[in-house]
Amino acid sequence: MKTTYLVTGGAGFIGANLVHRLLGQPEAQVVVLDLLTYAGNLDSLADIAASERYHFVHGDIGDRELVGRTLERFRPAVVLNLAAESHVDRSIDGPRAFVRTNVVGTFELLDACRELWLRLTPAQREQFRFVHVSTDEVFGSPGDSGCFTEETRYAPNSPYAASKAGADHFVRAYFHTYGLPTITTNCSNNYGPYQFPEKLIPLVTLNALEGKRLPVYGDGRNVRDWLHVDDHCQALILVAERGRPGETYNIGARDERTTLQVVEAVCGALDEQAPAASNPAFARQDRAPVSYRELISFVTDRPGHDRRYAIDPSKIERELGFQPARRFAEGIRGTVAWYLQHRAWCDRIAQGVYRRERLGLGPGGAQP
Ligand SMILES: NC(=O)c1ccc[n+]([C@@H]2O[C@H](COP(=O)([O-])OP(=O)(O)OC[C@H]3O[C@@H](n4cnc5c(N)ncnc54)[C@H](O)[C@@H]3O)[C@@H](O)[C@H]2O)c1
């Protein structure tokens, strides 16, 4: 049966991966609604642009009229909300955009979906799903042991996390108050293709290839659970197909690493795949580094940096049969290979306003 999906933020990192995965299902039709902020990139969707099963709508999830028209035109059975301001450092420098898109935008989208949903037939209403993609950062930091479950109390510590938490509460309220079939997912750190190079893994990969410093915040011992983006997308589709309305699902890989371990893993993959000895970026130096690890440089920590995030994914494993297909050790090699093979994509992204400068030290705190 043909299913129409509306993916907001589909030109971003996770969105682009999700759109590719959805279009891999022959019966899926995908509509992307994206504002194309600095983080949105139509290059990431160029290979599917000609597909008759794909439509792109340029606009803001907070633009009620446009959202209403888009819902009316395509009548999606599933809305997956990934549109967001997503970078913690940027939320420290300028939180307002995070409130505007993540809280107010999500509210407008939800409310427009409620209006559409009320006009559907009973069978369509039953089938309709609003899947809201959130983060484990809403839970704060659990200390050195223990994991976030779906029952963990919300304790957001950054403006980004607070804005995602606000949106999550509206999504919950729309189920309890109006019966709109909403589901929220809270996922750990993603890595993989098409990630904007302000985020750790592409930033480190591209800096290393250019012989630049590899910035590691604080002592590098902050811990995150790392999930391959394609495994996250698999989980989102499972949730859309079989998740229970009104529920939340934590998504993670049980694959915790410190930041320093992640950066060292990227360096190890680069040492194998693009050794510094044959990298022209070092041609003018006395000697090329033996390993890209020599470029690691510890920098001022992020204000309010949560020490550790850890997800307990038992519920989605048990109820929906979710299992990530990759472990980090193997996934990171493939990810580094992807960035090496897609330098043109990286270069086009770098032509925008972002130059891999340090963000997140607060107003006036920018560093080169
Ligand atoms: N990246 C991660 O590790 C991670 C982990 C857990 C959850 N998440 C969540 O997943 C979602 C996607 O994350 P990502 O890393 O792909 O983000 P991203 O920054 O790469 O992409 C966000 C996309 O949303 C679009 N967008 C921004 N504001 C918009 C608006 N007002 N209207 C329409 N589109 C708008 C951007 O143009 C961009 O294409 C976010 O909600 C994020 O909070 C991300």
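Cys187 is buried, because its relative accessibility is 3%, under the 20% cut-off. This is a predicted model. A search of the whole structure finds zero disulfides. The protein buries 97% of the 840 Å² that the ligand exposes when taken alone.

**Cysteines**
- Cys187 takes part in no disulfide.
- The nearest cysteine sulfur to that of Cys187 belongs to Cys233, 9.2 Å away.
- A disulfide is a covalent bond between the sulfur atoms of two cysteines.
- A disulfide here requires sulfur atoms within 2.5 Å, so the 9.2 Å between Cys187 and Cys233 rules out that pair.
- Cys233 is also in no disulfide.
- Cys233 has a relative accessible area of 0%, so Cys233 counts as buried.

**Ligand contacts**
- The ligand is surrounded by 28 residues.
- The closest are Ile14, Asp34, Ser86, Tyr160 and Lys164.
- The side chain of Asp34 places an N or O atom 2.6 Å from an oxygen atom of the ligand.
- Lys164 has a polar side-chain atom 2.6 Å from an oxygen atom of the ligand.
- Asn190 uses its backbone: an N or O atom there lies 2.9 Å from an oxygen atom of the ligand.

**Make-up of the ligand shell**
- Four elements give two or more residues each to the shell: α1 (13-23), β5 (129-135), α6 (159-178) and β7 (189-191).
- β5 gives the largest share, three residues.
- By class, the shell holds 13 nonpolar, 12 polar and three charged residues.

**Helix α1**
- Nine of the 11 residues of α1 are buried, so the helix is largely enclosed by the rest of the structure.
- The buried residues are Phe13, Ile14, Gly15, Ala16, Asn17, Leu18, Val19, Leu22 and Leu23.
- Ile14 has two roles in this picture: it is buried in α1, and it is among the residues closest to the ligand.
- The buried residues of α1 pack against strands β1 (3-8), β2 (28-34), β3 (54-58), β4 (78-81) and β7.
- They also pack against helix α8 (229-242).

**Thr184**
- Thr184 sits in strand β6, residues 182-187.
- Its relative accessibility is 4%, so Thr184 counts as buried.
- Leaving aside residues up to four places away in sequence, Thr184 touches His132, Ser134, Asp168 and Val171.
- Thr184 also touches Glu247, Thr248 and Tyr249.

Notes:
Residues numbered from 1 in each chain as written. Predicted model: local features only at pLDDT ≥ 70, side-chain atom pairs only at ≥ 80, totals over all residues. Heavy atoms only, no water. Near = heavy atom within 4 Å. Polar contact = N/O pair within 3.5 Å; in protein donor to acceptor, adjacent residues only side chain to side chain. Areas by Shrake-Rupley, 256 points an atom, 1.4 Å probe, with all protein chains shown as cover. Nonpolar A, V, L, I, M, F, W, Y, C, P; charged D, E, K, R; others polar. Buried < 20%, exposed > 50% of the residue type's maximum accessible area, 1.4 Å probe, protein only. Contact = heavy atoms within 4.5 Å.
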